[in-house]
Amino acid sequence: MEKTQKEYYLREQLKAIQKELGEKDERQAEADELREKIAKAKLPKEVEEKAIREVDRLEKMPPMVAEATVVRNYLEWLLALPWHKTTKDRINIKLAEEILDEDHYGLQKVKERIIEYLAIRKLANKMKGPIICFVGPPGVGKTSLAKSVARALERKFIRMSLGGVRDEAEIRGHRRTYVGALPGRIIQGMRQAGTKNPVFLLDEIDKMSSDFRGDPSSALLEVLDPEQNSNFSDHFIEATFDLSNVMFITTANTLHTIPRPLLDRMEVIHISGYTEEEKVKIAEKYLMPKQIKNHGLKNEQLKVSEGTLLRLIREYTRESGVRNLEREIAALCRKTATKVVKENVQGITIEADKLNDFLGVPRYRFGIAAKSPEIGAATGLAWTEVGGDVLTIEVTVFPGTGKLMLTGKLGDVMKESAQAGFSYIRSVAKILAIPEDFHQKNDVHVHIPEGAIPKDGPSAGITMATALASALSFRAVRSDVAMTGEITLRGKVLPVGGIKEKVLAARRAGITTVILPKDNKKDLEDIPAGVRQDLKFIFVEHMDEVLANALVPAAPAFKPDYVNVPISLGDMPGLQTTADL
Ligand code: ADP
């Protein structure tokens, strides 16, 4: 007590002396400095009043108390935000087209949509309207398209990932009463941008989730709504900030997980994966020059032929986009740079068969279809967030009591679809020469690798039914055939989504024949002609047609002992349709 009293007494004395000498005390000096900054910053009236009130409060506080730090931090934020600063838009459609072409190969439809969007903005003369949402697998250029839009408009570019955001406060900030409170990510982004009209990329809007801490999507709804976002309020800032001049662009891998109200505010632009030819061109024209430059090399120091690039794509990457391809090219550049520096070589030409020396053994074997036909394994085409993929569905049959086991992290829809397929196969057991009592004496296990990745949807229906038919009738499934389609209980094949991605994946895997539902025929239009030529498409309406095309006609010459097959496998009848029964 005595000590503080003494300190207080001394401080008062110091103040009196400073006053006499015409010097300001520290606190007052700080307050005056802040007031000056506030006057210069030309804050909106409401914010300015708030700031001045805070400065008055700060002046009365002992300088080292925690509260003073909070106030200082708050004032710093208020002063740093771009309340008025804007960049002038350059809406020159021709130039925008040139910039988009300069940065991206292909993507014609996507570029057209962007240009239309900009043209309307020019005519309407303001940036209100739906928000663009680029949807597609990783590495197809969503982020870089948004960057090009910013470059074309001469706006600042800010990117914020929403992946894993599950707390409303991350969007809207924490109240200042919390220790270590900060504004939300939107306001942080605005500070970083330094202007009030940047292009603001909200990445991975589909990866946001909500829990007991509140729903971030409702806060985001306010951010993206042109009617509301001129008055965006952040809990930390406690003043409204005008976001109406910001051009928001969002990206997502899938639309399924985006809340409906958010989706309604967005104009969705789909970007699908690239074909091998497109990837070669992108690598040649964009990724190689970019990486060569990034690594301080010159174009003539690293030469890679088209054939080498194709091999790189086939054996070192398996993806819809070009992200890993870019990474592998960076690895080639690193190795080249080392050689140039260490061994003093002039330049390197990498031949296709020398990729091994640079990147190690190939990671993927091109063409899994090179395998021989197998019993109880059918190749399906799946569409996941990361693009299309081929997956092998396995079925085994063993003595038991008629159970159907499904494993591989299948979702409910997929499980039901497997059951529908199973029931259908049971109903046509006779024409497939499957013993009719098989379901009483055997258990059937359906597994879909890779077991750790959750899968759902009805589109593997016909593949599961084919694998079941194969396992139960001991007829192998052609390994160069892949398929997708939903199956009904009575064996009808219904259309499914993601055809383009699936077909591209089939081609990547070296499949030659693709079985698709008849109603998906129209989707082939989206598929590049080169890919269409390479593949044989079979359009089906009924499961019979699937089996007729996917099963190897001749039955194998072995019969497992545990299944009691009454007829000789060699005599098995050819496939008939149910109508012939
Ligand atoms: P996403 O945001 O879709 O995951 P990115 O925009 O990060 O993908 O793209 C990954 C890389 O691939 C970037 O370097 C990008 O420039 C490049 N890229 C993607 N598509 C194209 C294209 N069509 N032309 C040229 N480069 C591309």
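**Surroundings of the ligand**

In this predicted model, an N or O atom in the side chain of Lys 290 lies 2.7 Å from an oxygen atom of the ligand. Taken alone, the ligand would expose 560 Å², and the protein buries 90% of that area. Two further contacts to ligand oxygen help to sketch the site. One comes from the backbone: an N or O atom of the main chain of Gly 139 is 2.7 Å from an oxygen atom of the ligand. The other comes from a side chain, with a polar atom of Lys 142 placed 2.8 Å from an oxygen atom of the ligand.

Stepping back from these contacts, the ligand is surrounded by 19 residues. Gly 139 and Lys 290 are among the closest of them, together with Thr 143, Arg 323 and Glu 326. Sorted by class, this shell holds 9 nonpolar, 5 polar and 5 charged residues. Three helices, α7 (142-153), α12 (276-294) and α14 (323-342), each contribute at least two residues to the shell. Of the shell residues, 4 come from α12, and this is the largest share.

It is also helpful to look at the pocket itself. The ligand takes up the space of the second largest pocket, whose volume is about 920 Å³. The lining of this pocket comprises 32 residues, and those nearest its centre are Gly 141, Thr 143, Ser 144, Lys 290 and Glu 326. By class, the lining divides into 10 nonpolar, 8 polar and 14 charged residues.

As for the elements that build the lining, α5 (93-103), β6 (247-252), α7, α12 and α14 each provide at least two residues. Here α7 gives the most, with 6 residues, whereas in the shell around the ligand the largest share belongs to α12. Lys 290 thus appears in each part of this picture: its side chain has an N or O atom 2.7 Å from a ligand oxygen, and Lys 290 is one of the residues nearest the centre of the pocket.

Note on methods: Residues numbered from 1 in each chain as written. Predicted model: local features only at pLDDT ≥ 70, side-chain atom pairs only at ≥ 80, totals over all residues. Heavy atoms only, no water. Near = heavy atom within 4 Å. Polar contact = N/O pair within 3.5 Å; in protein donor to acceptor, adjacent residues only side chain to side chain. Areas by Shrake-Rupley, 256 points an atom, 1.4 Å probe, with all protein chains shown as cover. 1 Å grid on protein atoms, 1.4 Å probe; cavity = no way out; pocket = protein on both sides within 12 Å on 5 of 7 lines; lining within 4 Å. Sits in = over half its atoms within 2 Å of the grid points. Nonpolar A, V, L, I, M, F, W, Y, C, P; charged D, E, K, R; others polar. Points joined across faces, edges and corners; volume = space filled by probe spheres on them.
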